[in-house]
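Reader: Hi, I have a structure open and I'm not sure where to begin. Can you walk me through it?

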Amino acid sequence: MINVTKAYLGNKNKFKAYVDRIYNTGWLTNHGPLVTALEQRLKDYLGVRNIILTNNGTIALQIAYRALGVTGSAITTPFSFVATTSSLQWEGIRPIFADIDPETWNLDPNQIERHIEPDTSAIVATHVFGNPCDVERIEQLARQHNLKVIYDGAHAFATCYQGRSVYNWGDISTLSFHATKLFHTIEGGAIVTNDDDLAERVRLLCNFGIVDTDQIEGIGINAKLNEFSAAMGMCVLDDIELILECRAEIGQRYARRLGEHFDLQKPQPESQGNFSYFPVALADEQQLLRSRAQLNEIGINPRRYFYPSLDTLDYLQPQAPQPRSRALSRKVLCLPIYPGLPRKVQEQVMQTLIQESIHSTQSNRILFRPLVEAFGLLSGDQSPASECKRIS
Ligand SMILES: *Cc1c(COP(=O)(O)O)cnc(C)c1O
């Protein structure tokens with residue numbers, strides 16, 4: 001089965017060499033040399049002031065809320081992975097949804113203000129599919145209403161806004177390094193902040209509040225990353241430019257062809273995305289289900305990210321419905337995109353979606369067919385198959 005992504009494993013011998021080092025030192029976790037080295041490399045690569053590695057991206061969100069003293073309620077997006085919302089609820093913070101922008105698919109700054117309640121203390125927004133939020137408008141609103149800003153940056157590794165990592169915006173950005181993410185450490189995550197005092201607080205929270213052997217300062221939890229995970233991160237980071245290039249090549253190919261038939265996510269101005277996902281908005285849910293079934297039949301497994309819209313979660317009812325998020329979540333499909341994805345599969349994906357879309361249109365307008373054939377809309381891209389050369 002071809003899935004929406006495939007964990008990038010990097011060079012096995014390089015990984016083995018790190019494992020040998022771990023066996024030699026016997027240092028498995030608790031801020032070992034590989035975690036320390038990876039933190040330094042990520043800090044330089046992303047161009048951020050502080051980065052604290054964690055053992056997953058969900059606990060990174062939970063720690064962010066604690067470190068910033070978020071209580072009461074938080075304005076958040078209904079169109080994201082469930083952890084963005086569930087982490088709030090888990091921490092006893094009531095998520096209040098504000099609808100998304102119909103083009104960028106991120107939390108719409110115009111929807112935020114009217115949802116702010118007396119106990120609201122934060123905005124929690126996701127750079128969904130790596131597309132930066134309107135960080136300036138959000139910052140302005142946060143300042144006016146004295147709110148903290150947390151960005152769930154799980155999709156935004158290497159994404160830039162105005163030429164810098166988008167992790168430089170907000171009070172805290174959180175990252176996920178889960179195996180399915182563009183950069184990964186098997187399981188893992190990180191917290192980024194440009195505030196040094198806040199970074200210190202985060203470090204304490206990640207390690208039970210332990211200051212040193214004889215001193216504990218406040219409540220904490222265990223969010224530490226281990227050395228084996230850091231070793232994987234070192235290997236994947238070595239190949240990050242290649243990973244980004246391969247993804248961009250596939251993503252741009254999809255965008256050129258599919259952009260003529262379907263709505264695609266609109267990039268935020270002045271931003272540089274990362275092709276961590278390739279979402280496409282089909283005409284409606286029926287078309288999505290038919291296209292997915294056809295792709296499944298030929299062994300291709302695109303995913304419905306993000307479905308259902310988070311304002312429909314059982315444990316949050318009753319809840320004000322967010323119509324744009326609900327409408328979008330019903331018709332968005334994420335297509336396979338990862339280094340080494342065969343060119344032939346990319347063609348099959350595009351052909352299937354386009355043919356199904358033309359077929360749906362024809363059910364309504366049967367006379368359209370001769371036109372379709374005359375203009376060759378059903379034929380594939382005939383350019384030579386160049387899979388990303390340096391991989392496969
Ligand atoms: C993957 C993801 C998370 C959770 O990260 P984990 O490392 O799996 O805990 C949170 N938010 C978003 C948007 C994600 O895609």
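**Ligand site and domains**

Author: Let's start at the ligand. The side chain of His-155 has an N or O atom 2.7 Å from an oxygen atom of the ligand. Keep in mind that this is a predicted model.

Reader: Okay. Which side chain has an N or O atom close to a nitrogen atom of the ligand, and what's the distance?

Author: That is Asp-152, at 2.7 Å. Ser-176 also takes part: a polar atom of its side chain lies 2.7 Å from a ligand oxygen.

Reader: How many residues surround the ligand?

Author: There are 15. The closest are Thr-58, Asp-152, His-155, Ser-176 and Lys-181.

Reader: New topic. What domains does the domain assignment give?

Author: Two are listed: domain 1 covers 2–238, and domain 2 covers 241–374. Their centres, taken over C-alpha atoms, are 27 Å apart.

Reader: And how many residues are in contact between them?

Author: Domain 1 brings 46 residues and domain 2 brings 48. Together the two domains bury about 4,200 Å², with 60% of that on carbon and sulfur atoms.

Reader: Which three residues of domain 1 supply more of its buried area than any other three?

Author: Ile-2, Val-4 and Phe-129. They supply 20% of the area that domain 1 buries against domain 2.

Reader: What about charges? How many salt bridges are there between the domains?

Author: Two.

Reader: And polar contacts across that interface, how many residue pairs?

Author: The count is 24 residue pairs, with both residues at pLDDT 80 or more.

Reader: Which elements give two or more residues to the domain 1 side?

Author: Strand E1 (2–3), helix H4 (82–90), strand E4 (94–97) and strand E7 (160–161). H4 gives the largest share, four residues.

Reader: What classes of residue make up that side?

Author: On the side of domain 1 that touches domain 2, 25 are nonpolar, 14 are polar and seven are charged.

Reader: Back to salt bridges. How many are in the whole structure?

Author: A search finds 16. One pairs Lys-266 with Glu-103, at 3.3 Å from N to O. Another joins the side chains of Arg-41 and Asp-238, at 2.8 Å from N to O.

Reader: Where do Arg-41 and Asp-238 lie?

Author: Arg-41 is in helix H2 (residues 33–46), and Asp-238 is in helix H8 (residues 227–238), so the pair ties together parts that are 197 residues apart in sequence.

Technical notes. Residues numbered from 1 in each chain as written. Predicted model: local features only at pLDDT ≥ 70, side-chain atom pairs only at ≥ 80, totals over all residues. Heavy atoms only, no water. Domains from an automatic or database assignment. Contact = heavy atoms within 4.5 Å. Buried area = accessible area lost by both parts, 1.4 Å probe. Salt bridge = Lys/Arg side-chain N within 4 Å of Asp/Glu carboxyl O. Polar contact = N/O pair within 3.5 Å; in protein donor to acceptor, adjacent residues only side chain to side chain. Nonpolar A, V, L, I, M, F, W, Y, C, P; charged D, E, K, R; others polar. Near = heavy atom within 4 Å.
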